[in-house]
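User: Please take a close look at a single part of this model, the sheet and the pockets, and work outward from there to whatever else deserves a careful description. I would like one connected account.

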Amino acid sequence: MSPKLKKFVDKLPGIDILRPKHTNYNTPYYEVKMEEFHQKLHRDLKSTRLWGYNSQFPGPTIEVNQGEPIEVLWMNELPKRHFLPVDKSIHHVAEHPEVRTVTHLHGSETQSDNDGYPEAWFTRNFEEVGPFFERSVYQYPNHQRATTLWYHDHAMGITRLNMYAGLAGLYIIRDKQEKALNLPKDDYEIPLVIQDRTFNDDGSLFYPSEPDPPDPALPDPSIVPFFLGDTILVNGKVWPYMEVEPRKYRFRVLNASNTRAYQLYLDSEQPFYQIGTDGGLMSKTVKVSKLPMEPAERVDLILDFSNLEGETIHLKNELGPDADPEDETNDVMQFKVNLPLSEKDTTDIPHFLSHIPTLRDNRITNIRSLKLLGSTDEYDRPLLLLDNKKWSDPVTENPILGATEIWSFMNLTGFTHPIHIHLIQFQILDRRPFDLDLYNEQGDIIFTGAATPPAPYERGWKDTVAAPSAQITRIIVHFTPFTGRYVWHCHILEHEDYDMMRPMDVIDPEGEE
Ligand code: C2O
Ligand code: CU
Ligand code: CU
């Protein structure tokens, strides 16, 4: 358990915008170093050892305009030993260097050799590289519409540890259409990167080295099937506060936690005006009072603090009815409406935001029914699988470039899995509940209710979808614009590492398979 930390004593930090090192023939070129450093995460906590991009936690934000490609040299300058417990029994981790990194730009439409494939890892100064390593300078085309993406580590078998150590940052794409909307901007457009962590008394990060209770028959260290920190951080500070003016603000919210899902709400009973999902602006602004966020999901929100001068408002996380009363993760951060209004707020909460063409009218050329299920490994530890296959099994998801497919996730486990597909933004079709006990006894799917359309807060472009237990969640996906090797996986990092991740090939219709 973390030491007792007073809430709302540290100011919400801003996040630096990364500047390009130079511009090569019109293409901005950036350099990012992954480094070990120490950062103060709370007033009363000693500095915490972290790994971060350019020694920042979260990493610096990369900001680009649609249609302007950039290049990034990702460099690993980390120590050779990990400071978190590496389980060597999974994924041939024992055969590889202990510290490996590869950066993935989550939600981006990027060519496969720039996507950050888990086996395209590299070590310090590129001394050793993984079997899929092709390049050190990554190119991002930025063709897609304006949205909030994020970059993070994706190294095979240790992603949960590298990201917990701090390797994640935001990447914002802007476009003309969004700029024309008169949304709050500059000082009134704020990123909120939400993460959970647990601290030791000396300020260091705690991450379990084995399941609880310990079992001497297990490998040491041994991966845990999930991890929930007991302390919430926003932009790298524990339970921070933010001073705001009585006006509208735009918040780009990212859940960058390993396992934790949030149910965000405001204790002022104000609604969130949601304007965007993972893949950018929605078609219309939706008013939501409670916002569920699975790991890796982003929401773009407007909060209106007008007429709330002098008030203190909390961004809360609703815990379930059987939550431990000691659980402090019901708080996320605080807003103090105590700054004078510096100028009249002339920004809008537009009703119409953007045009989102539906994929429902496309010709569907394939329907894939994919089970999310649990089994056990040779040590009797939980082993979660996608369609009963491991990472190392041959590729089975191989859509043809340009095809539209329905992927249907049948969740046979007892909890929600946030399923993420690289390369594309998709749309959620529906969810339908079935009798899981009956399925477990007899293997038949008996629906217990009608299919329900996506919730208002997820009606837009998505790259990560909550697939709840005992439901079939269907999404519709148009595979474009690149061919090649990608991945799809559960974004609970403890699941992704073992073994809820599968390779995926997008195949050229003309080429040989
Ligand atoms: Cu957030 Cu495979 O990624
Ligand atoms: Cu991704
Ligand atoms: Cu999962």
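Analyst: Helices, as named here, are DSSP runs of H or I with at least four residues, and strands are runs of E with at least two, numbered from the N terminus. With these names, proline 481 can be placed in the loop between strand E29 (471-478) and strand E30 (484-490). The model described is a predicted one.

The account begins with the sheet. Five strands make up an open sheet with mixed pairing, and their order is E14-E22-E21-E16-E19. Strand E14 (241-243) and strand E19 (291-293) occupy the edges; each has a single partner strand, so one side of each is left without a neighbour in the sheet. From one strand to the next, the twist averages 20°. At the E14 edge, the partner is strand E22 (residues 331-336), and the two pair in the parallel sense over three bridges. Within this pairing, methionine 242 is found opposite phenylalanine 335 of E22.

From the sheet, the description passes to the pockets. Rolling a probe the size of a water molecule over the atoms shows where empty space is left. The largest pocket has a volume of about 1,200 Å³. Its lining consists of 46 residues, and those nearest the centre are Leu228, Arg260, Ala261, Asp327 and Thr329. Two strands of the sheet take part: strand E16 (262-266) and E19 each supply at least two residues of this lining, as do strand E23 (364-376) and strand E24 (382-386). The greatest contribution comes from E24, which gives three residues. In character, the lining of the largest pocket comprises 22 nonpolar, twelve polar and twelve charged residues.

One residue links this pocket to the sheet. Aspartate 327, one of the residues nearest the centre of the largest pocket, sits in the loop between strand E21 (312-317) and E22. Its relative accessible area is 27%, which means that aspartate 327 counts as partly exposed, the range for that class lying between under 20% for buried and over 50% for exposed. Threonine 231 is 96 residues from aspartate 327 in sequence, yet the C-alpha atoms of the two are 9.1 Å apart in space.

The second largest pocket has a volume of about 560 Å³. It is lined by 26 residues, with Arg174, Lys185, Asp186, Glu189 and Ile190 nearest its centre. The edge strand E14 appears here as well: the elements giving two or more residues to this lining are strand E4 (59-65), strand E9 (168-174), helix H2 (176-179), strand E10 (189-199), E14 and strand E15 (248-255). The greatest share is that of E10, with three residues. The lining of the second largest pocket divides into eleven nonpolar, four polar and eleven charged residues.

Asparagine 182 belongs to the loop between H2 and E10, two elements that contribute to the second largest pocket. Most residues other than glycine have a negative phi, and most peptide bonds are trans. Asparagine 182, a residue other than glycine, has a positive phi near 60°. Its relative accessible area is 31%, so asparagine 182 is partly exposed.

Leucine 423 likewise has a positive phi, near 80°. This residue is located in the loop between E26 and strand E27 (427-433). Leucine 423 is buried, with a relative accessible area of 2%.

Strand E26 leads to the metal site. The copper ion (ligand 2) is coordinated by the NE2 atoms of His104 and His420, at 1.9 Å. Because histidine 104 lies in strand E6 (residues 103-106) and histidine 420 in strand E26 (residues 417-421), the pair ties together parts that are 316 residues apart in sequence. Histidine 104 is buried, with a relative accessible area of 1%. Histidine 420 is buried too, at 0%.

Two cis peptide bonds complete the account. The bond from aspartate 220 to proline 221 is cis, with omega near -5°. Proline 221 falls in the loop between strand E11 (205-206) and strand E12 (231-234). The bond from threonine 480 to proline 481, in the loop named at the outset, is also cis, with omega near 0°.

How values were computed
Residues numbered from 1 in each chain as written. Chains lettered and ligands numbered in written order. Predicted model: local features only at pLDDT ≥ 70, side-chain atom pairs only at ≥ 80, totals over all residues. Heavy atoms only, no water. Pairing = 2+ DSSP bridges. Axes fitted to C-alpha atoms, helices over the stretch in contact; angles between N-to-C directions. 1 Å grid on protein atoms, 1.4 Å probe; cavity = no way out; pocket = protein on both sides within 12 Å on 5 of 7 lines; lining within 4 Å. Points joined across faces, edges and corners; volume = space filled by probe spheres on them. Nonpolar A, V, L, I, M, F, W, Y, C, P; charged D, E, K, R; others polar. Donors = N, O, S within 2.8 Å, 3.2 Å for Na, K, Ca; no water. Buried < 20%, exposed > 50% of the residue type's maximum accessible area, 1.4 Å probe, protein only.
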